[in-house]
Structures are given as C-alpha cells and as structure tokens.
Amino acid sequence: MLTLNEQSVHTGNLILVNASHGIQGTPKDVLVPACGRFPEILLQRCAAALLNELMKEINGWEYIVPVSGYRSQEEQQRIWDDSLRENGVEFTKKYVAVPGHSEHQTGLAIDLGLKAEHIDFIRPDFPYSGICQTFRERAAKYGFILRYPEGKEKITGIGHEPWHFRYVGTPHAQVMAEADLTLEEYIQFIRQFPHGSRPYLTKSGSRRVCISYFSTFPEKPALDSTCTVSGDNIDGFILTDYMKEGFL
C-alpha cells in the first residue's frame, strides 16, 4: 500500500518544475551516473536505467555524450551567475533556469550533446538528424520527453532546447509525444480525468493503463501494488494504474 503525505505532492516523475513552481526538497531516488564513462553526471536511478536501455538499443553512447544531469542549488546558482556575466540577461533567462526552478535539480533531466572535441555546456549540439534524431524519436518509448520544444516557449518559459530531455515515465511520455503536449499542458489535460470518475485510458505494451488525477484533499484513494503515483508539484497527484488484463 502506498502512503502519501503533504510533502508527497512535490515528489515523483511528473513533478512540474518551471518559473512558477520551484523545487521542494531533494531527489528521493538514489542518484547514479547517467553514463559509466562520465561518473560525475548523475540522474535518479530509474531515469538512468531507462536512458541506458535506450542508448544500448541505438548504440548511442558511441556518438552521444551526457553534458549535464543533476545539479545542486549551489551549482545551478553558479551556472546562472556565470551566464549572466558572460552572456547577459536576455540569453540567460532564455536558456538557464532560475536557481531553485531548474529541472536539473530534480535528477530527472539530462542535457545531451553530439560527441565533439568542444561542446557548448549551455547549448550543446544535438541536431534533428542522424543518431540524435534516432534518440529523439525513440525517447518516449523509454519514458523521456523533449522538454522544451520549438513553438512552446510561451508555455514552458524556456527557449527551444533540442538537447534537454526529461524523464516522466511511461506511458506518460508516449501520450505527451503523440498529442504534442508539454509537461505543463499534460498536467492540465490529466486534471480533466478525476480519480473515481472517468480515468484516461491508454496502454503500455499489452497492458491497459488508467490515468487519473486527485487533489491533496479530500481523503486519498487506496493505492495498491498495481499503481504508481506522482505529485504534480502544484496541489495534486497523478495516479497511474497498470491493469492486469489486456488492453481492450
């Protein structure tokens, strides 16, 4: 049986971190290297495992390198300050999140770059072609989304970043990719499916999946071993129930 408390709304794979919703606490999962050859670049354990499964499928680590993963508050502050000094306010606000509001502080975000002798830390090259595009096209299957797509800047508050990927888990990543939804839009979408009323039905492999939303109040629903739950970092939870029977 899963247990929730008031702090739980700020934890989970689907927490929304942006200019309006800051980090609350530290990653709950163990941080591990995103790639064995770069032990200093860390992700939450589940995100790292799925990233490596994807890279194994496409032989990605031969051509792609991790550029930035988990960042502490102090590191995000240093990056922000350095960019302000070197690039100015406009550039920094477009490509660097305010300290305390960066997805990198969750341990669920990774910046990737095409392997090269010199890689831009803030804006690594990750083109829409070749191995990078292959990664991008298969990312949702492994629970990752392109977090800051072109044309959604007014929604995300961040400029287009072809290199920045966020782990949200499956089937959420597939739903977002198919419907062209950012995380901001997806959370609003799922709020239309309150728990105990009409869930959103989709599938993960051969299993039926019911996704629903419930607020921190009133009483929480009973959660069993077929369910996962994530806070949204706002005021509620997204419940994912992996049904035992096949998808109908």
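How much of the accessible surface of the protein chain belongs to carbon and sulfur atoms? Of a total of about 12,200 Å², the share is 51%, with areas taken from the Shrake-Rupley method using a 1.4 Å probe and, for residues, only the protein chains shown counting as cover. The model is predicted, so local features need pLDDT of at least 70 and side-chain atom pairs count only at pLDDT 80 or more, while totals for chains, interfaces and linings use all residues. Residues are numbered from 1 along each chain as its sequence is written, and side-chain values use heavy atoms, with hydrogens and water left out.

The overall fold comes next. The protein chain holds 7 helices and 10 strands; these are DSSP runs numbered from the N terminus, with helices being H or I of at least four residues and strands E of at least two. Its radius of gyration is 18 Å, which agrees with the value near 18 Å for a compact globule of 248 residues (taken over C-alpha atoms, the rule being 2.2 Å times the number of residues to the power 0.38). Along the principal axes, the C-alpha atoms fill a box of roughly 50 × 35 × 35 Å. Among contacts (heavy atoms within 4.5 Å) between residues at least 6 apart in sequence, 65% join residues at least 24 apart.

Now to the interior. Half of the chain, 50% of its 248 residues, is buried, where buried means under 20% relative accessible area, exposed over 50% and partly exposed in between, with a 1.4 Å probe and protein chains only. The largest nonpolar core has 32 residues; such a core is a set of buried Ala, Val, Leu, Ile, Met, Phe, Trp, Tyr and Cys residues joined through side-chain atoms within 4.5 Å. Ile64, Leu112, Phe135 and Phe144 have the most contacts inside this core. At least two core residues come from each of α1 (45-58), α2 (73-87), α3 (89-95), β4 (109-114), α4 (130-138) and β6 (161-167), and α1 gives the largest share, 7 residues. Beyond four places in sequence, Phe144 touches residues including Ala47, Leu50 and Leu51 as well as Phe165 and Tyr167. A second, separate core has 17 residues, among them Leu16, Ile145, Val168 and Met176.

Gln174 lies in helix α6 (residues 172-179). Because its relative accessibility is 22%, Gln174 counts as partly exposed. Apart from neighbours within four places in sequence, Gln174 is in contact with Ala140 and Lys141.
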